[in-house]
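The exercises below concern the ligand site, the pockets and the cavities of one protein model. Each task is followed by a solution in steps.

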Amino acid sequence: MTDWHSDEYAQAQDAADPLSALREEFLVPRHQGRDMAYFCGNSLGLQPRAARSHVEEVLQKWATEAVEGHFTGRAQWMDYHALVRAPLAEVVGAEASEVVAMNSLTANLHLMLVSFYRPTRERPAILMEAGAFPSDRYALESQVRFHGFDPATDLIELAPDAADGTISMAAIERVFAEHGHRIALACWPGVQYRTGQAFDLAEFTRLGHAAGAIVGFDCAHAAGNLPLALHDSGADFAVWCHYKYLNSGPGAVAGCFVHARHARTDRPRFAGWWGHVAETRFRMGPEFVPTPGADGWQLSNPPILGLAPLRGSLEVFQRAGMHALRERSKRLTAYLERLIHQRLDDVLAIVTPADPDSRGAQLSLRVAGGRERGRGLFEYLAADGVLGDWREPDVIRISPAPSYNTHADILRFVRAVEAWRGAGA
Ligand SMILES: *Cc1c(COP(=O)(O)O)cnc(C)c1O
């Protein structure tokens, strides 16, 4: 019988997988003389080695060419955001003209809502999940108020219908059946940040559109985690950040998707000069003419230093391929799940759905015995160089990232929990 709990097994799994070599492309933080077992890629992905060289290239260009840097070389700043367009479109499953890297996630959400949330007296509401990431709720609630409507009635928050805190498609179908006629816009997560539940974006979009609503997704926890098919999903828009699974550094420039059917929309938008068609932007005329596609929502000339690490990160995704990364991710998460069931069932309850297609890399683990005990375990692990992240009141999220985590990291996590239990905690 296979001993999944042995070093030999973990090492053999890592050795058999060519993608294990990707770890060398990342800087893994050290803890007491050895690499950390870092499981926080759902919060801040590790630094790709290529990030530094791209940042240094920009600094060097600035030092030696100054303003001329806008117009010289392949990585000229004038078109810099276009360098990330094709690889980014591949990661999220979109046409190149449907994606743009700009601003931050919450800012992009607001810009999308300006164009796509057009409430009327008959149809004023936004549908969202209850327990959403707070920034999303703040953004959506403030938009409802901004249009003069009342969040108490016009911000519909669908609560989880399953005991584990997940939301079924049936519940989503029911809420559209009941409130669909009043819903102007539905904003939904690609992957829920607390539970790790992944949603069928195409099915959600189908239900939303059938009810007459605009559909947008927050893919903060989905982009770079699962292969997305944003174009084929039919979604009207999506937003995400690049510092989680896309490894582009703290506060990295975010992403935005606008479906091709809206490429030439005459919906209202908040305009800025970088959204103006490139050909005539520098005539500096008074009238705004939007660039067709997602580029037309840009406001400012982009932060080149902020975009540079994203170039480095996307090179890794291009080399590995999103689908191959996902296959490795499924293997890693299944290994974690199997060891937890085999060894830690008395300590950790898995909140995340068991169906691999209904989750990404992350497993959310509820610690038996409540908050104090959970905090105790979390801190024990951190002191041992095993870093997950903590969600109140009693959940540790462990997210094995396929580009740098290994089976050996996972075994180390499991053994650390066993050692903590063995110490009588
Ligand atoms: C990480 C995350 C955010 C963070 O928003 P920023 O604008 O990047 O600070 C927002 N929403 C969700 C769902 C997230 O997971």
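On a 1 Å grid over the protein atoms alone, a cavity is a set of points where a 1.4 Å probe fits but cannot get out, whereas a pocket is an open set. The model examined here is predicted.

**Exercise 1. Enclosed space**

Determine how many cavities of 30 Å³ or more the structure holds, and describe the largest cavity.

Solution.
Step 1. Counting the enclosed spaces of 30 Å³ or more gives 3 cavities.
Step 2. For the largest cavity, the volume is about 60 Å³.
Step 3. Its lining includes Gly41, Gly224, Lys244, Tyr245 and Asn247, and also Phe317, Leu325 and the residues Ala401, Pro402, Ser403 and Tyr404.
Step 4. Sorted by character, this lining has 6 nonpolar, 4 polar and 1 charged residues. Lys, like Asp, Glu and Arg, counts as charged, and Lys244 is part of the lining.

**Exercise 2. The largest pocket**

State the volume of the largest pocket, and identify which helix gives the largest share of its lining.

Solution.
Step 1. The largest pocket contains about 420 Å³ of space.
Step 2. It is lined by 20 residues, of which Ala198, Phe199, Asp200, Leu201 and Asp357 are the closest to the pocket centre.
Step 3. Two helices, H9 (201-210) and H13 (322-343), each contribute at least two lining residues.
Step 4. The largest share belongs to H13, with 3 residues.
Step 5. By character, the lining of the largest pocket comprises 10 nonpolar, 6 polar and 4 charged residues.

**Exercise 3. The ligand site**

Locate the ligand among the pockets, list the residues around it, and analyse its polar contacts.

Solution.
Step 1. The ligand occupies the second largest pocket.
Step 2. Around the ligand are Leu105, Thr106, Phe133, Asp136, Asp218, Ala220, His221, Tyr243 and Lys244.
Step 3. This shell divides into 4 nonpolar, 2 polar and 3 charged residues.
Step 4. A polar contact requires a pair of N or O atoms within 3.5 Å. The side chain of Asp136 places an N or O atom 2.5 Å from a nitrogen atom of the ligand. For Lys244, a polar side-chain atom is 2.4 Å from a ligand oxygen atom. In the case of His221, a side-chain N or O atom lies 3.2 Å from an oxygen atom of the ligand.
Step 5. Taken alone, the ligand exposes 390 Å², and the protein buries 82% of that area.
Step 6. Lys244 is listed around the ligand and also in the lining of the largest cavity.

Conventions:
Residues are numbered from 1 along each chain as its sequence is written. This is a predicted model: local features need pLDDT of at least 70, side-chain atom pairs count only at pLDDT 80 or more; totals for chains, interfaces and linings use all residues. Side-chain values use heavy atoms; hydrogens and water are left out. A residue is near a molecule or strand if one of its heavy atoms lies within 4 Å of it. A polar contact is a pair of N or O atoms within 3.5 Å; within protein, one must be able to donate a hydrogen and the other to accept it, and residues adjacent in sequence count only if both atoms are side-chain atoms. Accessible areas come from the Shrake-Rupley method with a 1.4 Å probe; for residues, only the protein chains shown count as cover. On a 1 Å grid over the protein atoms alone, a cavity is a set of points where a 1.4 Å probe fits but cannot get out, and a pocket is an open set with protein on both sides within 12 Å along at least five of seven lines; lining residues have an atom within 4 Å of a point. A molecule sits in a cavity or pocket if more than half of its atoms lie within 2 Å of its grid points. Grid points are joined across faces, edges and corners, and a volume is the space filled by probe spheres set on the points. Helices (H or I, at least four residues) and strands (E, at least two) are DSSP runs, numbered from the N terminus.
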